[in-house]
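Biologist: Take me closely through the contact region of one chain. Begin with the terms, then follow the contacts outward.

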Amino acid sequence: MRTINVSVNGTKHSHEVEPRMLLIHYLREVIGLTGTHMGCETSLCGACTIEVNGKAVKSCTMFAVQADGAEILTIEGLAAPDGTLHPIQDAFWTEHALQCGFCTPGMIMITKQILERNPNPTEHEIREGLDGNLCRCTGYQHIVNAVRTASLHRDALASLPKAGA
Amino acid sequence: MIANSFEYSAPGSLKEALALLAEGAKPLAGGMSLIPMMKLRLANPEHLVDIGRLPELNYIREENGELHIGAGVTHFEVESSPLLLGKCPLIAETAAHIGDIQVRNRGTIGGSVAHADPSADYPAALHALDAKIVLVSGEGTRTLSTEEFFLDTFTTALEPGEIVSEVIVPVDAGLTGTSYQKFLQPASGFAIVGAAARVRQEGGKFTLVRVGMTGLSGNAYRARNVEDALVGKEVTDANIQAAAALVADGQDASSDLHATAEYRAHLAGAYTARALRAALARSA
Ligand SMILES: Cc1cc2nc3c(=O)[nH]c(=O)nc-3n(C[C@H](O)[C@H](O)[C@H](O)COP(=O)(O)OP(=O)(O)OC[C@H]3O[C@@H](n4cnc5c(N)ncnc54)[C@H](O)[C@@H]3O)c2cc1C
Ligand code: FES
Ligand code: FES
């Protein structure tokens with residue numbers, strides 16, 4: 001067992017974990033944040049995407065011990081405390097970018113990284129950015145539309161929560 | 001999918017890490033190849049040493065006309081480094097072809113070359129760049145050419161207790177034109193074939209040609225026969241076409257559900273020609 005200290009959505013946590021525990025299991029089962037979804041478990045679908053120190057990662061392909069000392073942001077950390085949706089969440093809502101919603105937490109987290117690195121992406125750049133995230137329902141077009149719509153809310157995006165902020 | 005139990009160490013210095021590795025521990029860098037294998041229990045290391053956080057392996061710097069990339073530098077850092085984009089665009093362009101954003105945020109250049117996947121992207125570019133791979137252990141360091149380092153499928157010249165500490169590539173912008181062209185397997189994103197080309201021309205003739213190929217066979221290789229067929233020849237598309245057609249000669253082309261050996265060999269020629277043309281268009 002090893003002790004890890006992490007900050008998740010601004011709240012500090014300290015736990016003893018087995019080195020082989022995956023970060024997604026730590027978030028879902030130890031901390032109880034079940035918004036991050038386990039889809040494929042094989043690094044391919046992106047449903048488990050979260051941010052570690054500002055970088056989007058697949059939390060099924062990282063051990064919790066590797067996140068020791070890190071600032072983590074999950075889907076639960078995006079909306080304002082009063083429940084106001086984050087502009088990317090809002091864009092997914094208005095563009096009907098989900099059906100079953102299973103892929104959505106990962107899609108929203110990767111959209112945040114895409115727009116931080118490229119605030120005004122072309123459709124091609126959006127599709128390349130979504131490369132590591134699979135959706136079995138929508139056919140992607142509405143997700144692409146949502147990323148574009150979110151990119152138009154520049155001012156709102158400028159006040160994006162940062163991991164640990 | 002839970003890995004077997006293992007001991008985990010996160011040493012604060014390279015020296016401490018090397019001491020643990022000398023005792024038989026296995027390095028963990030970005031984990032983008034090792035963790036999937038551990039989950040499938042294809043790899044069952046008893047002791048992992050996390051070298052992915054060592055600041056001593058995380059740098060990109062220019063020294064004496066060469067660019068040194070620390071083993072811990074992620075694919076995203078390579079793809080977005082202003083120094084590399086300006087002075088060795090081939091390595092940055094190749095990094096951008098690897099996997100997806102999340103994989104590039106974690107995976108490292110040291111882990112990729114050490115893993116030596118027969119479809120990995122970097123090896124093609126590193127062959128074309130005449131790159132050097134620097135290895136370090138408790139005993140000291142040694143510097144190998146790519147042909148000395150990449151030995152076979154998932155097999156390199158690394159000895160037990162030894163790690164890759166850095167990759168050295170030349171300052172290459174200016175007269176040299178480069179390109180990496182990848183035909184990917186859409187589900188995994190890995191290369192079915194990937195061709196890296198680097199060319200220089202003077203007075204209408206090729207003066208330098210380098211070709212690296214990945215994906216075709218069990219090990220990425222430098223296609224010296226294509227290079228030899230072009231150096232000193234006139235810069236014409238017919239010459240490029242004829243030389244590129246040689247790229248699969250003498251290779252044991254792989255066959256799998258995504259591409260038969262015959263189709264792979266065909267693709268290798270086509271993508272080598274594309275890479276050579278694109279590199280030529282970027283050379284002065
Ligand atoms: C979904 C997905 C898609 C991918 N697509 C591609 C792709 O298109 N192209 C491509 O090239 N790769 C691809 N990869 C692999 C990726 O590039 C990995 O990052 C890389 O192969 C390994 O680097 P790592 O830092 O993650 O190493 P790890 O997974 O941490 O380690 C890999 C191996 O190398 C050893 N090791 C690590 N660092 C060192 C070192 N410095 N010295 C000696 N040994 C070391 C480890 O012990 C282990 O055996 C993909 C991976 C995933 C999960
Ligand atoms: S659950 Fe992590 S990538 Fe699919
Ligand atoms: S909405 Fe169902 S998987 Fe994307």
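Modeller: Domain bounds here come from an automatic or database domain assignment. This is a predicted model, where local features need pLDDT of at least 70, side-chain atom pairs count only at pLDDT 80 or more, and totals for chains, interfaces and linings use all residues. Residues are numbered from 1 along each chain as written, chains are lettered from A and ligands numbered from 1 in written order, and side-chain values use heavy atoms, without hydrogens or water.

Chain A divides into domain 1, residues 2–77, and domain 2, residues 87–158. Taken over C-alpha atoms, the centres of these two domains of chain A are 21 Å apart. On the domain 1 side, 18 residues of chain A are in contact (heavy atoms within 4.5 Å) with 15 residues of domain 2. Together the two domains of chain A bury about 1,200 Å², counted as the accessible area (1.4 Å probe) that two parts lose on being put together, summed over both. Carbon and sulfur atoms hold 58% of that area between the domains of chain A.

The rule finds one salt bridge (side-chain nitrogen of Lys or Arg within 4 Å of a carboxyl oxygen of Asp or Glu) across this domain interface of chain A. Lys112(A) and Glu51(A) meet through their side chains in a salt bridge, at 2.9 Å from N to O. On the side of domain 1 that touches domain 2 in chain A, the elements that give two or more residues are β3 (49–52) and β4 (55–58). Glu51(A) lies within the 49–52 range of β3(A).

Now look at that pair of strands. Strands (E, at least two residues) and helices (H or I, at least four) are DSSP runs numbered from the N terminus, and two strands pair if DSSP finds at least two bridges between them. β3(A) and β4(A) are antiparallel, with four bridges between them. Opposite Ile50(A), in β4(A), stands Val57(A). The hairpin of β3(A) and β4(A) has two residues between its strands. There, Asn53(A) takes a positive phi near 50 degrees.

Next, follow the contacts to chain B. The interface takes 31 residues from chain A and 30 residues from chain B. Between chain A and chain B, about 2,500 Å² is buried, and carbon and sulfur atoms give 57% of it. Arg20(A), Phe63(A) and Gln66(A) supply 26% of the area that chain A buries against chain B, more than any other three residues. Across the interface of chain A and chain B, the rule again finds one salt bridge. It joins the side chains of Asp100(B) and Lys58(A), with N to O at 2.7 Å. On the side of chain A that touches chain B, the elements giving two or more residues are β4 and α3 (104–117) of chain A. β4(A) is thus named at the domain interface and at the chain interface. Lys112(A), the partner of Glu51(A), falls within the 104–117 range of α3(A).

Finally, consider the partner chain. In chain B, three strands form an open sheet with parallel pairing, in the order β1-β3-β2. Its edge strands are β1 (7–9) and β2 (26–28) of chain B, each pairing on one side only. β1(B) runs parallel to β3 (residues 47–50) of chain B, and three bridges join them. Within β3(B), Val49(B) is the bridge partner of Ser9(B).
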